[in-house]
Amino acid sequence: MDSILVYIKKLLGYSEDDRSFDDEIMNFINMAFGRLNQLGVGSTEIFIITGTSEKWTDFIGTNKWMEPSKTYIYLKTKIVHDPPLSSIVLESMKSAIDELECDLRNTAERERNKNIT
């Protein structure tokens with residue numbers, strides 16, 4: 001299951017065949033990709049999905065250090081599409097998002113510096 005949309009939908013509890021929220025979920029996924037772009041993670045162009053054809057390998061490539069971006073995209077999508085009722089769980093998710101942003105940004109910067117030298 002390499003499709004970004006299918007992967008996130010399954011984590012959100014939707015079947016691959018349930019298309020009732022696809023546009024909304026894609027919008028939130030693209031919002032998260034936009035944020036990663038602002039953090040300097042990924043290519044210089046904003047990565048977007050338009051359906052099930054975009055794969056994780058299209059975004060991550062062979063960079064194993066980019067794997068946490070899957071969790072980041074899920075959490076960012078979950079928080080706006082189906083936020084938890086518990087404020088404790090919500091704060092925990094926000095904390096995980098903040099930590100992932102910091103880690104991904106730092107790792108992306110380290111990788112860029114490694115390629116420069």
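**Exercise 1. Is Phe21 buried, partly exposed or exposed, and why?**

Solution. This is a predicted model, in which local features need pLDDT of at least 70, side-chain atom pairs count only at pLDDT 80 or more, and totals for chains, interfaces and linings use all residues. Residues are numbered from 1 along each chain as its sequence is written, and side-chain values use heavy atoms, with hydrogens and water left out.

Step 1. The classes are set by relative accessible area: buried means under 20%, exposed over 50%, and partly exposed in between (1.4 Å probe, protein chains only).
Step 2. Phe21 counts as partly exposed because its relative accessibility is 33%.
Step 3. Phe21 lies in the loop between helix 1 (4–12) and helix 2. Helices here are DSSP runs (H or I, at least four residues), as strands are (E, at least two), numbered from the N terminus.
Step 4. Leaving aside residues up to four places away in sequence, Phe21 touches Tyr14 and His81, where contact means heavy atoms within 4.5 Å.
Step 5. Phe21 and His81 are 60 residues apart along the chain, yet 9.3 Å separates their C-alpha atoms.

**Exercise 2. Describe the overall make-up of the protein.**

Solution.
Step 1. The secondary structure comprises five helices and zero strands, in the order α-α-α-α-α from the N terminus on.
Step 2. The C-alpha trace spans about 50 × 35 × 20 Å along its principal axes.
Step 3. The radius of gyration is 14 Å, which agrees with the value near 13 Å for a compact globule of 117 residues. This radius is taken over C-alpha atoms, and the globule rule is 2.2 Å times the number of residues to the power 0.38.
Step 4. Of the 117 residues, 41% are buried.
Step 5. Among contacts between residues at least 6 apart in sequence, 58% join residues at least 24 apart.

**Exercise 3. Examine helix 1 and the residues on either side.**

Solution.
Step 1. Ser3 belongs to the segment before helix 1. Ser3 is buried, because its relative accessible area is 7%.
Step 2. Beyond residues up to four places away in sequence, Ser3 touches Thr52, Glu54, Lys55 and Trp56.
Step 3. Within helix 1, the residues Ile4, Leu5, Val6, Ile8, Lys9 and Leu12 are buried. The buried residues of helix 1 pack against helix 2, helix 3 (56–60) and helix 4.
Step 4. Gly13 follows helix 1 and has a positive phi, near 95°.

**Exercise 4. Analyse how helix 4 packs with helix 2 and with helix 5.**

Solution.
Step 1. The axes of helix 2 (residues 22–38) and helix 4 (residues 68–81) come within 9 Å and cross at roughly 130°. Helix 2 is therefore oblique to helix 4. Angles under 35 degrees count as roughly parallel, over 145 as roughly antiparallel, 65 to 115 as roughly perpendicular and the rest as oblique.
Step 2. This crossing of helix 2 and helix 4 is right-handed.
Step 3. Among the residues that meet are Phe28, Ala32 and Leu36 in helix 2 and Tyr72, Ile73 and Val80 in helix 4. By class, this contact of helix 2 with helix 4 has ten nonpolar, three polar and three charged residues.
Step 4. The axes of helix 4 and helix 5 (residues 87–116) come within 10 Å and cross at roughly 145°. The crossing of helix 4 and helix 5 is left-handed.
Step 5. Residues that meet here include Tyr72, Leu75 and Ile79 in helix 4 and Met93, Ile97 and Leu104 in helix 5.

Notes:
Axes fitted to C-alpha atoms, helices over the stretch in contact; angles between N-to-C directions. Left-handed = near helix turned anticlockwise from the far one by under 90°. Nonpolar A, V, L, I, M, F, W, Y, C, P; charged D, E, K, R; others polar.
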